[in-house]
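User: Could you take one spot in this model and give me a close look at what surrounds it? Please work outwards from there and tell me how far I can trust the picture.

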Amino acid sequence: MKAVFLALALVAAGDATPVTMARTPGEVQVGQVLRQAPMQGILGPSRLLSDFRGKPMIINVWASWCGPCQAEMPSLQRLADRAGPQAHVIGISTDDYHDRAESFVRTFKIGFPNFIDSKLRLEHMLGADRLPLTLLVDAQGKVLAKHYGAKEWDSPEAMAYVTKHLRIKL
């Protein structure tokens, strides 16, 4: 915390240039391209993150114990249904236990691919220091936007947000 105040004081005094600091180890910032990462399937097969390139992506990071994650999941499924083949929607669980993540996917009847990140590789790369986190990623893997917190993803405002960043029709 002291470092943040010191950096702000130096910038305010004109003695330093602002720097972007990652919040999690190895975090990919907005404007950067996601690195290759293996993903362990929850109900489906394991995949590589790069398997989803070629179309825009909506990546949602969640946990089964997270109340806001539970609240937004039905609207995320409706967004995925609406986006159809225009974009990939994938979920990343940060749960430690596969059975809890599997129960969550079944309970919420999630139809899009979900993966578990019990080793924190994706959580760190995506910057999930709080949940839920949703990333909008272009077809080449470049992070266009990050949204922390629950959102009603099929609301007119959220769909306009997605349309603006991913340039797809909803």
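Analyst: Let's start at T94, which counts as buried because its relative accessible area is 10%, under the 20% cut-off. Keep in mind that this is a predicted model. T94 sits in the loop between β4 (88–93) and α3. If you skip its neighbours within four places in sequence, T94 touches V61, W62, A63, D117, E123 and L131.

One of those contacts, W62, leads us to the aromatic rings. Searching the whole structure turns up four aromatic pairs. Take F52 and F115: with ring centres 6.0 Å apart and planes at 75 degrees, they make an edge-to-face pair. F52 comes from the loop between β2 (47–48) and β3, while F115 is in strand β5 (residues 114–116), so this pair ties together parts 63 residues apart in sequence. F52 is buried at 2% relative accessibility, and F115 is buried too, at 1%.

Now for W62 itself. Its ring and that of F104 have centres 4.1 Å apart with planes at 20 degrees, so this pair is stacked. W62 belongs to strand β3 and F104 to helix α3 (residues 98–107), so here the parts tied together are 42 residues apart in sequence. W62 is buried, with a relative accessible area of 0%; F104 is buried as well, with 4%. Add F108 and you have a cluster, with ring pairs linking W62, F104 and F108.

Two rings also have a charged side chain over the face. R47 lies over F52, at 4.5 Å from the ring centre, and K151 lies over W153, at 5.8 Å from the ring centre.

Back to the β3 side of the story. The strand β3 covers 57–62, and helix α2 covers 67–83. The structure has one disulfide, made by C66 and C69 with their sulfur atoms 2.4 Å apart. The torsion about that S-S bond is about 80 degrees, so the disulfide is right-handed. Both C66 and C69 are buried.

β3 and α2 also meet helix α5. In α5 (residues 156–166), the buried residues are A158, M159, V162 and L166. These residues lie on the same side of α5 because they span an arc of only 100 degrees around the axis. That fits the general geometry: an α-helix has 3.6 residues a turn, so residues three or four places apart point the same way. The buried residues of α5 pack against β3 and α2, and against β6 (133–137) and β7 (143–148) as well. On the face turned away from the buried side you'll find the exposed residues P156, E157 and K164. Right after α5 comes R167, with a positive phi near 55 degrees.

As for trust, the mean pLDDT of the protein is 89, and 87% of its residues reach 70 or more. Over residues 1–21, though, the pLDDT is below 50, and beyond near neighbours in sequence that stretch has seven contacts in the model.

To pull it together: T94 is buried and touches W62, W62 stacks with F104, and β3 is one of the elements that the buried residues of α5 pack against.

Definitions and conventions: Residues are numbered from 1 along each chain as its sequence is written. Side-chain values use heavy atoms; hydrogens and water are left out. Buried means under 20% relative accessible area, exposed over 50%, partly exposed in between (1.4 Å probe, protein chains only). Helices (H or I, at least four residues) and strands (E, at least two) are DSSP runs, numbered from the N terminus. The arc is that of the directions from the helix axis to the C-beta atoms. Contact means heavy atoms within 4.5 Å. Rings of Phe, Tyr and Trp (its six-membered ring) pair if their centres lie within 6.5 Å; planes under 30 degrees apart count as stacked, over 60 as edge-to-face and the rest as tilted. A charge sits over a ring if NZ of Lys or CZ of Arg is within 6 Å of the ring centre and within 35 degrees of the ring normal. A disulfide is a pair of cysteine sulfur atoms within 2.5 Å. pLDDT is the predictor's confidence in each residue, from 0 to 100.
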